[in-house]
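The following exercises treat burial, charge pairing, nonpolar cores and pockets. Please attempt each task before reading its solution.

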Amino acid sequence: MEIERKFLLKNDEWRKKIAQKISIKQGYISTEANSTVRIRITDSKSFITIKGKGINIAHPEYEYEIPTKDAQEMFDLFCNNNSIEKTRYIVNFSNQIWEIDEFEGRHKGLILAEVELKEENETIILPDWIGEEVTGNPKYYNSNLSKVGCL
């Protein structure tokens with residue numbers, strides 16, 4: 001089960017606290033209403049992920065590491081231009097890990113911050129650089145951003 005909240009950013013102050021930087025290319029094999037199937041290729045690892053329809057801020061998620069050669073082959077064969085590229089920055093703030101995604105290509109300029117939680121009612125302290133919460137807004141789902149013409 002993945003539990004996360006997603007936010008827009010107010011400013012670039014988070015850049016002063018970057019602990020790690022990861023290049024990500026991901027494509028979607030399926031983006032059905034009840035589930036998505038994603039291939040993700042990073043600097044060092046590749047994954048296949050199946051996500052189910054969420055309830056509130058939680059949704060079932062199954063993610064498995066796969067060989068990068070297989071991931072690239074699946075990406076090329078099945079993702080049909082339903083893809084995005086982004087740089088993910090890891091920022092530690094108040095004992096929580098924030099993943100900040102800076103999108104490239106047609107979504108250049110879009111930056112989203114996510115924080116994963118252990119339980120839905122977990123308290124989070126919002127950094128000063130966090131803006132509007134967009135959790136649950138389909139406009140900001142990566143699966144929708146992957147489709148040409150979205151956002």
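**Exercise 1.** Does K16 count as buried or exposed?

*Solution.* The model is predicted, so local features need pLDDT of at least 70 and side-chain atom pairs count only at pLDDT 80 or more, while totals for chains, interfaces and linings use all residues. Residues are numbered from 1 along each chain as its sequence is written, and side-chain values use heavy atoms, with hydrogens and water left out.
Step 1: recall the classes, in which buried means under 20% relative accessible area, exposed over 50%, and partly exposed in between (1.4 Å probe, protein chains only).
Step 2: K16 has a relative accessibility of 66% and therefore counts as exposed.

**Exercise 2.** Describe the salt bridges of E13, E2 and D101.

*Solution.* Step 1: a salt bridge is a side-chain nitrogen of Lys or Arg within 4 Å of a carboxyl oxygen of Asp or Glu. The whole structure holds 12 salt bridges.
Step 2: E13 pairs with K16 in a salt bridge whose closest N and O atoms are 2.9 Å apart. E13 is partly exposed, because its relative accessible area is 39%.
Step 3: E2 forms a salt bridge with K51, with 3.1 Å between the closest N and O atoms. This pair links distant parts of the chain, since E2 is in strand β1 and K51 in strand β4 (residues 46–52), 49 residues apart. Strands are DSSP runs (E, at least two residues), numbered from the N terminus. Both E2 and K51 are buried.
Step 4: D101 forms a salt bridge with K86, the closest N and O atoms being 2.9 Å apart. Because D101 lies in strand β8 and K86 in strand β7, the pair ties together parts 15 residues apart in sequence. Salt bridges with shared partners join K86, R88, E99 and D101 into one network.

**Exercise 3.** Which residues of the largest nonpolar core touch the most other members?

*Solution.* Step 1: a nonpolar core is a set of buried Ala, Val, Leu, Ile, Met, Phe, Trp, Tyr and Cys residues joined through side-chain atoms within 4.5 Å.
Step 2: among the 17 residues of the largest core, these are L9, W14, W98, I100, W129 and I130.
Step 3: the strands β1 (2–9), β7 (83–93), β8 (96–103) and β9 (111–116) each supply at least two residues of this core.
Step 4: apart from this core lies another, of eight residues, including L110, V134, Y140 and L145.

Notes:
Helices (H or I, at least four residues) and strands (E, at least two) are DSSP runs, numbered from the N terminus.
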